[in-house]
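Here is a friendly walk through a protein model, from single charged pairs up to the whole fold. Have the sequence and the 3D view at hand as you read.

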Amino acid sequence: MNIMFKSTRGDKNYVTASQAIVKGIAEDGGLYVPETMPKMDFPLEKITDMGYRKLAYEVLKLVLTDYTEEELKHCINSAYDKKFDTELIAPLVSAGENNFLELFHGKTIAFKDMALSILPYLLKTAAVKNGVKEEIVILTATSGDTGKAALEGFADVEGTQIIVFFPEDGVSAVQKAQMVTQQGNNTCVAGIRGNFDDAQTAVKKTFTDNELKAELKEKGYVFSSANSINIGRLAPQIVYYFYAYAQMVKAGRITMGNKINFTVPTGNFGNILAGYYAMNMGLPVNRLICASNDNKVLYDFFRTGTYDINREFIVTVSPSMDILISSNLERLLYHLSDSSKTSEAMNELSKDGRYEFNMDNEFIGEYATIDETFKAIHDLFKETGYVMDTHTAVAKAAYDKYIAETGDNTPNVIVSTASPYKFAKDVLKAIDGKYDSIDPFKALETLSEVSKTPIPAPIKGIDKREVLHRSVIDKDAIEEFVKNKLK
Ligand SMILES: *Cc1c(COP(=O)(O)O)cnc(C)c1O
């Protein structure tokens, strides 16, 4: 079946998957969604026989229907290769009663690699298919992990430039070092004085500025996005929900056909939304547990039906989830209602910072404070020797609260989104208070000793690498910065 994409806000222009990937965001500021939900066309039983690449093909061909078999396979095989440190790509690991789907075995040791290692191939293929002659400029706002993964993905990719904005004081030392040492002639990184929401809002605005777009088109540039507003980010994430399920079956934790829960540490709502797509495509899912940190806008939303960002922005130990405006929630609103209700909510959000939305669905909101996050890391390490990063630990703590509340005994997978090495300082602090003031780079070696695991190659010696990007700008200067960059 051929699936077309349309805007969540009602724009009548339907586009193909490849066009949606090139554009990144719809003309009316909405996000692209499939006009009808794709459906699994293979028997579920078959997924246990498939490796990651095979399964990726079976799933992606249902969503990105205008790519040929050859194009898709080329993208998949180029993305999920030796860049990952395990042939499994996304292994399911158990620790005590818990099942962790580890999505951090790629080049930047966070889950963003799952989508951003394939997005450049999907985008380049899309540009060729659609006769795009201009250079593609990837504008990206990052809360820490997307930026690096996008930089790695697009570095030295011909016909592209990438510009990344990160909150200068809102990322971990390792995250920052990873970004400012990025090589590649087409890469550009700038810190901004502001938080992630400021960066994301400014980038979205730059994207939809028609005057600027026309000006740049003249100079031979078009914008696209590597943020999860791009459907090319979302689609590849659907794959690992099927893959997790297959591994649960193979490990004997469930019987084929049984429903399972997923608990997902959530920020921009992209990862968990991919789980919702997987469920709608036919994966047996019971509940999607949306875990927030202290910035618990989503928790409040799922509990009360009111989304309200009029609150303090809290800098936590899980910076990639320090977000108040979760962009991808717009897609869920659309799927649960229609484009007019969605536009209305989004207008209210930009006007008053809040909206109300009536709903009944498979999502459950939970959250964990910094103390609860630290305790989760500490306790699981003491019990099992398994070390979680601070984001995964939010999910673990939130899941434990969910169990205490409901007693639900449905088998559960905790989606593990980063290597503990990316947040080594805080992870060590959680394990033992004596590491409270350890140097963030020294912490890498110490964590290696404590956890008896090797430092992942991508960040070994990161503090010794040359800093190549030194710009720090005001949040209001993003558009000007982009203009200057693209002279
Ligand atoms: C991006 C990120 C998240 C949040 O994922 P969303 O798709 O934005 O909800 C959680 N944990 C880590 C480590 C991340 O990098």
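## A salt bridge between two strands

Let's begin with a pair you can pick out in the viewer: Arg-193 and Asp-474, whose side chains form a salt bridge with an N to O distance of 2.9 Å. Arg-193 belongs to strand 7 (residues 187–193) and Asp-474 to strand 15 (residues 471–474), so this contact ties together parts that are 281 residues apart in sequence. Please keep in mind that this is a predicted model.

Are these two side chains buried, or do they have some access to the surface? Arg-193 has a relative accessibility of 48%, so it counts as partly exposed. Asp-474 is partly exposed as well, at 41%.

## Other charged pairs

Another salt bridge to look at joins Glu-27 and Lys-23, with the closest N and O atoms 3.1 Å apart. Glu-27 is partly exposed, at 44% relative accessibility, and Lys-23 is partly exposed too, at 33%.

Asp-436 pairs with Lys-429, and here the closest N and O atoms are 3.5 Å apart. Asp-436 has a relative accessible area of 43%, which puts it in the partly exposed class; Lys-429, at 29%, is also partly exposed. Elsewhere, Asp-41, Lys-54, Glu-58 and Lys-61 are joined into one network by salt bridges that share partners.

## Charge across the whole protein

How many salt bridges does a search of the whole structure find? The count is 30. They can be set against a total of 55 positive and 66 negative side chains. The centres of the positive and negative sets lie 3 Å apart.

## The overall fold

Stepping back, the protein contains 19 helices and 15 strands. Its radius of gyration is 21 Å, close to the 23 Å that the globule rule gives for 487 residues, so the protein is as compact as a globular protein of that length. Measured out along the principal axes, its C-alpha atoms fill a box of roughly 60 × 50 × 45 Å.

Contacts across the sequence add to this picture. Of the contacts between residues at least 6 apart in sequence, 76% join residues at least 24 apart.

## Inside and surface

What share of the 487 residues is buried? Buried residues make up 62% of them. As for the outside, the protein exposes about 18500 Å², and carbon and sulfur atoms supply 47% of that area.

Terms used:
Residues numbered from 1 in each chain as written. Predicted model: local features only at pLDDT ≥ 70, side-chain atom pairs only at ≥ 80, totals over all residues. Heavy atoms only, no water. Helix = DSSP H or I, 4+ residues; strand = E, 2+ residues; numbered from the N terminus. Rg over C-alpha atoms; globule rule 2.2 N^0.38 Å. Buried < 20%, exposed > 50% of the residue type's maximum accessible area, 1.4 Å probe, protein only. Contact = heavy atoms within 4.5 Å. Areas by Shrake-Rupley, 256 points an atom, 1.4 Å probe, with all protein chains shown as cover. Lys, Arg positive; Asp, Glu negative; His and termini not counted. Charge placed at Lys NZ, Arg CZ, Asp CG, Glu CD. Salt bridge = Lys/Arg side-chain N within 4 Å of Asp/Glu carboxyl O.
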